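Biologist: I should like a close look at one part of this model. Please describe the chosen strand, its partners and its surroundings in a connected account that a first-year student can follow.

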Amino acid sequence: MDLILLRHGQSKANKDKVIGTPEVSLTQLGRDQALKAGLRLKAKKIDRVLVSPYTRAQETAQEVNKSLGLSLETEDLVREVSFGILEGHRFEDMEKDPNYKDVLQAWLDNPRDTAPPGGESIRDARARAQAFLDKYKDQDQTILVVSHEGFIRALLSVVVGSVDSFFRFKVDNCSYIQAHWGDYPYIQADS
C-alpha cells in the first residue's frame, strides 16, 4: 500500500496558535493552499481518498478534489490526536491558567505515555495509526490521506518503528509525504 499523507490547509486555529479542535474551518490561505496541493497531486496516480472527519480536513479534501475528481471517504482513524481538555486553548494561556497549567506540564513532561484528560498519549495515537495501517494493508492502491500533523507524525513514527521519532517530523499545512507500508516500509521524498 502506498500512502500520500497530506496535512490540511491553514486553519484559524493554526493562525491563532491554538491547539486544534474538530470544528475549525480553513482560512482563505488554507483554501488556496489546498487548491495548489490539488494541482500538485493531480500528477500522482491516486486510487482512493480517505479524509479525517474534522472540518478543516474535509474542506481541504474538497478543494484538493477539484483537481482529482475522486470519491471522498471519511475515515475516523485518521483524525487528529486528541488533546482532550487542552483543545481550543493557546499554550501561553494555559501556562498561566491554574486550571490547565499542571495538566499541560504533565503532558509536556511525558507525551509518550501521558494523555490529557479526555485525550490521547502519543502511544495511543500510534496505536490508532497502526490500526489504520492494519485495516488498509492489503490494499494494492495509492491512497491519499487528508489528515493532521499529529496523526501524520504518529503514522510516520510507526512506519520507521520508533515512538521517539514522533517529534522529529515537521508537517507544514498542505505539505505531503509519501510512505509505503508492506514488507519493507519506507518514507519517500516527493519527486
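Modeller: Two strands are said to pair if DSSP finds at least two bridges between them. With that term in hand, we may turn to strand β5 in this predicted model. Strand β5 covers residues 176-180, and strand β1, residues 2-7, pairs with β5 in the antiparallel sense over five bridges.

Particular residues show how this pairing is arranged. Leu6 stands opposite Tyr176 of β5, while Asp2 stands opposite His180 of β5. On β6 as well, His180 has a partner, for its bridge there is to Tyr186. Strands β5 and β6 also run antiparallel, and three bridges join them. These two strands form a hairpin, with five residues between them.

The wider setting is an open sheet of six strands, in the order β3-β2-β4-β1-β5-β6 and with mixed pairing. Its edge strands are β3 (72-74) and β6 (186-188), each of which pairs on one side only. From one strand to the next, the twist averages 25°.

How enclosed is β5 within this arrangement? A residue counts as buried when its relative accessible area is under 20%. Five of the five residues of β5 are buried, so the strand is largely enclosed by the rest of the structure. The burial applies to both faces: Tyr176, Gln178 and His180 lie on one side, and Ile177 and Ala179 on the other.

Among these residues, Gln178 merits a separate description. Its relative accessible area is 11%, and because this is under 20%, Gln178 is classed as buried. The side chain of Gln178 makes a polar contact of 2.8 Å with the side chain of Lys44. Setting aside neighbours within four places in sequence, the residues in contact with Gln178 are Leu3, Ile4, Lys44, Tyr186, Ile187, Gln188 and Asp190. Of these, Leu3 and Ile4 fall in β1, which spans residues 2-7. Tyr186, Ile187 and Gln188 fall in β6, which spans 186-188.

The loop that leads into β5 also deserves attention. Cys174 lies in this loop, between α7 and β5. Although Cys174 is not a glycine, it has a positive phi of about 60°. Cys174 is buried, with a relative accessible area of 3%. A useful counterpart is Lys17, in the loop between α1 (12-15) and α2. Phi of Lys17 is near 60°, again a positive value in a residue other than glycine. Lys17, however, is exposed, with a relative accessible area of 59%.

We may now follow the sheet away from β5, through β1 and on to β4. Strands β1 and β4 run parallel and are joined by six bridges. Leu6, already met opposite Tyr176, has Val146 as its bridge partner in β4. Strand β4 is in turn joined by four bridges to β2 (residues 48-51), and these two strands run parallel. One of the pairs is Val49 with Leu144 of β4.

Strand β4 is also covered on both faces: Thr142, Leu144 and Val146 are buried on one side, and Ile143, Val145 and Ser147 on the other. Six of the six residues of β4 are buried, so this strand too is largely enclosed by the rest of the structure.

Which helices lie across β5? Helix α2 (residues 28-41) lies across β1, β4 (142-147) and β5, running at about 160° to β1. Helix α7 (residues 149-160) lies across β1, β4, β5 and β6, and it runs at about 150° to β1.

Helix α7 has a further neighbour in α6 (residues 122-136); the two pack at an angle of about 70°, with their axes 8 Å apart. Angles of 65 to 115 degrees count as roughly perpendicular, and α6 and α7 are therefore roughly perpendicular to each other. On the α6 side, the residues that meet α7 are Ala125, Arg126, Arg128, Ala129, Gln130, Phe132 and Leu133. On the α7 side they are Phe151, Ala154, Leu155, Ser157 and Val158. The residues of this contact divide into eight nonpolar, two polar and two charged.

In summary, β5 has antiparallel pairing with β1 and with β6, its two faces are covered, and both α2 and α7 lie across it.

How values were computed:
Residues numbered from 1 in each chain as written. Predicted model: local features only at pLDDT ≥ 70, side-chain atom pairs only at ≥ 80, totals over all residues. Heavy atoms only, no water. Buried < 20%, exposed > 50% of the residue type's maximum accessible area, 1.4 Å probe, protein only. Polar contact = N/O pair within 3.5 Å; in protein donor to acceptor, adjacent residues only side chain to side chain. Contact = heavy atoms within 4.5 Å. Axes fitted to C-alpha atoms, helices over the stretch in contact; angles between N-to-C directions. Parallel < 35°, antiparallel > 145°, perpendicular 65-115°, else oblique. Nonpolar A, V, L, I, M, F, W, Y, C, P; charged D, E, K, R; others polar.
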